[in-house]
Structure formats: structure tokens, C-alpha cells
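This report describes selected helices, side-chain pairs and surface features of one structure. The sequence and the structure come first, and the account follows them.

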Amino acid sequence: MENLLKRLQDEAGLTEEQASNALKVVVDFMDKEGLDIDWDKFLSGKYEKFKEQSQTFFDSLAKKTKEYTNTFSDKTEDLITDAKRKIRDIADDLD
């Protein structure tokens with residue numbers, strides 16, 4: 001399976017993600033058409049690498065999401081603080 005993904009990348013010019021998605025479409029098509037494939041034998045030993053790659057991707061995504069959330073939260077807090085100060089200054093000027 002890894003060889004097939006590599007060939008899709010090299011020969012068809014697909015990215016790793018595109019190659020993986022293309023293979024998923026082929027597998028789904030074959031299953032729906034009733035083609036008898038021993039997927040356990042075909043995928044033997046390949047699943048672990050895909051699982052590791054997926055885990056790495058989702059860990060990275062979670063880290064970036066947390067960073068963006070923290071940044072957004074900090075900026076929101078700063079904006080609220082600035083707004084309170086401006087309202088206080090305006091109120092002081094009106095007195």
C-alpha cells in the first residue's frame with residue numbers, strides 16, 4: 001500500500017494527502033462494487049504507519065488550534081480592557 005501511495009505521488013504528481021484520498025476512493029469503490037479483496041492481507045503492516053501519520057497530523061492540528069485560541073482569547077481580553085478604559089475616559093470627560 002505504501003508503494004502504491006508513493007507511485008501515486010511520484011507518477012501522478014499527487015500530494016501525500018491527495019494520494020491517500022485517491023486510494024480511499026478506490027477502496028470504497030471496490031467495496032461497493034462487491035469486489036472480493038482481502039483488505040487485511042492487502043493492508044498488512046501498512047495501517048500502523050498511516051495511523052502514526054494521522055496521529056502526528058492531528059496532534060499538530062490540536063497544537064495550532066490551541067495556539068490560535070489562546071491568541072484570540074488574549075486579543076479579545078485586550079480589546080475589552082481598552083474599551084473599558086475608553087468608556088471610563090469618556091465618562092470622566094463628561095463630568
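Helices, as the term is used here, are DSSP runs of H or I with at least four residues, numbered from the N terminus. Under that scheme Phe-58 has its place in helix H4, which covers residues 47-94. The model is a predicted one, and the descriptions below should be read with that in mind.

## Helix H2 and its two faces

Helix H2 runs over residues 16-32, and its 17 residues, taken at 1.5 Å a residue, should span 24 Å; the C-alpha atoms at its ends are 24 Å apart, so the expected span and the modelled one agree. Within H2, the buried residues are Ala-19, Ser-20, Leu-23 and Met-30. Viewed down the axis of H2, these buried residues fall within an arc of 100°, and therefore they line one face of the helix. The face turned away from this buried side carries Glu-17, Val-25 and Lys-32, which are exposed. Just after H2, Gly-34 takes a positive phi of about 80°.

Two residues of H2 can be described in further detail. Ser-20 lies in this helix and has a relative accessible area of 14%, so it counts as buried, the cut-off being under 20%. When residues up to four places away in sequence are left aside, Ser-20 touches Leu-5 and Phe-50. Phe-29 also lies in H2, but with a relative accessible area of 49% it is partly exposed. Between the C-alpha atoms of Phe-29 and Thr-76, which are 47 residues apart along the chain, the separation is 47 Å.

## Leu-8 in helix H1

Leu-8 is found in helix H1, where its relative accessible area of 22% makes it partly exposed, since only values under 20% count as buried. Not counting residues up to four places away in sequence, Leu-8 touches Gly-13, Leu-14 and Ala-19; of these, Ala-19 is one of the buried residues of H2. The C-alpha atoms of Leu-8 and Gly-34 are separated by 24 Å, with their positions 26 residues apart along the chain given as the sequence distance. Gly-34 is the residue with the positive phi just after H2.

## Salt bridges within helices

Side chains of opposite charge can pair when their charged atoms come close. With a salt bridge taken as a side-chain nitrogen of Lys or Arg within 4 Å of a carboxyl oxygen of Asp or Glu, the count in this model comes to 6. Three of them are described here, including one in H1, one in H2 and one in H4.

In H1, which covers residues 2-12, Lys-6 and Asp-10 lie 4 residues apart, about one turn of the helix, and they form a salt bridge whose closest N and O atoms are 3.4 Å apart. Lys-6 has 47% relative accessibility and counts as partly exposed, whereas Asp-10, with a relative accessible area of 52%, is exposed. In H2, Lys-32 and Asp-28 are likewise 4 residues apart, about one turn of the helix, and their side chains meet in a salt bridge at 3.3 Å, N to O. Here Lys-32 is exposed at 67% relative accessibility, while Asp-28, at 37%, is partly exposed. In H4, Asp-82 and Arg-85 lie 3 residues apart, about one turn of the helix, and the closest N and O atoms of their salt bridge are 3.7 Å apart. Asp-82 is partly exposed at 36% relative accessibility, and Arg-85 is partly exposed with a relative accessible area of 45%.

## A nonpolar patch on the surface

Phe-57, Phe-58 and Leu-61 form a nonpolar patch on the surface, and together they have about 330 Å² of accessible area. The place of Phe-58, a member of this patch, is in helix H4.

Note on methods. Residues numbered from 1 in each chain as written. Predicted model: local features only at pLDDT ≥ 70, side-chain atom pairs only at ≥ 80, totals over all residues. Heavy atoms only, no water. Helix = DSSP H or I, 4+ residues; strand = E, 2+ residues; numbered from the N terminus. Expected span 1.5 Å × (residues − 1). Buried < 20%, exposed > 50% of the residue type's maximum accessible area, 1.4 Å probe, protein only. Arc of directions from axis to C-beta. Patch = residues over 30% accessible without salt bridge, like charges linked within 9 Å, V, L, I, M, F, W, Y side chains within 5 Å. Areas by Shrake-Rupley, 256 points an atom, 1.4 Å probe, with all protein chains shown as cover. Contact = heavy atoms within 4.5 Å.
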